[in-house]
Amino acid sequence: MAREGVSEAVLSALADLERAFDSALMAIDADTDHNRAYNGATELVEMLRRLFETSGNQRALSAARIFEQEEMSLASLADRIGVSKARAAQLIKTAKDTRARNERDERIALGLTKVAISAAHAAKRAAKKAEDSDKQDETQ
């Protein structure tokens with residue numbers, strides 16, 4: 001693995017990730033229930049798949065930052081990061097797609113938050129109305 005030019009914070013986080021991976025493997029190996037061990041291994045594979053996909057997207061976003069901040073051509077980006085021009089173009093497209101997906105997810109999350117707040121306010125108003133109705137019944 002190339003470690004040149006990688007920050008200490010990233011190297012430390014990667015070391016933690018590697019220890020967590022090793023710990024998961026040991027826990028799966030130590031499980032005496034073969035079905036549970038298989039299910040644990042399946043969970044590990046799914047987690048690694050998500051991590052792989054997300055880290056690939058992060059790499060593309062990082063390449064796009066170089067491309068945009070240094071206002072370089074695709075050929076210059078390809079030379080800088082050591083890939084073909086076609087691969088550099090793929091990374092830029094992946095970054096654009098990832099940004100669009102992240103923006104969409106943020107809009108959805110904001111919309112869901114607004115719905116939850118509205119529902120909480122409606123429940124509070126309904127509870128207040130019920131309380132007022134109970135008080136009115138008591139006075140009659």
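In the predicted model, Thr 98 is buried, at a relative accessibility of 4%. This residue is found in helix H4, which covers residues 85–139. When neighbours within four places in sequence are left aside, the contacts of Thr 98 are with Asn 57 and Leu 61. Asn 57 lies in helix H2, residues 34–69, and its relative accessible area is 16%. Asn 57 counts as buried because this value is under the 20% cut-off. Beyond residues up to four places away in sequence, Asn 57 touches Thr 94 and Arg 101 as well as Thr 98. Leu 61, the other contact of Thr 98, is itself in contact with Ala 95, Thr 98 and Arg 99, again with neighbours within four places left aside.

Leu 61 and Ala 95 also belong to the largest nonpolar core, which comprises 12 residues in all. The remaining members of this core are Ala 60, Ala 63, Ala 64, Met 72, Leu 77, Ala 78, Val 83, Ala 88, Leu 91 and Ile 92. Helices H2, H3 and H4 each supply at least two residues of the core. In soluble globular proteins, nonpolar side chains tend to be buried together.

Ile 81 is found in helix H3 and touches two members of this core, Ala 63 and Leu 91. A further contact of Ile 81 is Ile 66, residues up to four places away in sequence not being counted. With a relative accessibility of 27%, Ile 81 is classed as partly exposed. This residue is therefore not eligible for the core, since a core is a set of buried residues and buried means under 20% relative accessible area. The C-alpha atoms of Ile 81 and Met 47 are separated by 27 Å, the two residues being 34 residues apart along the chain.

The loop between H2 and helix H3 (74–81) contains Glu 71. Phi of Glu 71 is near 45°, a positive value in a residue other than glycine. Glu 71 has a relative accessibility of 72% and counts as exposed, because this figure is over 50%. In helix H4, Arg 87 is partly exposed, with a relative accessible area of 30%. Arg 87 and Ser 7 are 80 residues apart in sequence, and the distance between their C-alpha atoms is 25 Å.

At the level of the whole protein chain, the secondary structure consists of 4 helices and 0 strands, giving the pattern α-α-α-α along the sequence. The radius of gyration of the chain is 26 Å, whereas a compact globule of 140 residues would have a value near 14 Å. Along the principal axes, the C-alpha trace spans about 85 × 55 × 25 Å. Buried residues constitute 13% of the 140 residues. Of the contacts with a separation of 6 or more, 40% are between residues 24 or more positions apart.

The accessible surface of the protein chain comes to about 11100 Å². Carbon and sulfur atoms account for 57% of this surface. The chain carries 22 positive and 24 negative charges, and the mean positions of the two sets are 7 Å apart.

Notes
Residues numbered from 1 in each chain as written. Predicted model: local features only at pLDDT ≥ 70, side-chain atom pairs only at ≥ 80, totals over all residues. Heavy atoms only, no water. Rg over C-alpha atoms; globule rule 2.2 N^0.38 Å. Buried < 20%, exposed > 50% of the residue type's maximum accessible area, 1.4 Å probe, protein only. Contact = heavy atoms within 4.5 Å. Areas by Shrake-Rupley, 256 points an atom, 1.4 Å probe, with all protein chains shown as cover. Lys, Arg positive; Asp, Glu negative; His and termini not counted. Charge placed at Lys NZ, Arg CZ, Asp CG, Glu CD. Core = buried A, V, L, I, M, F, W, Y, C linked by side-chain atoms within 4.5 Å.
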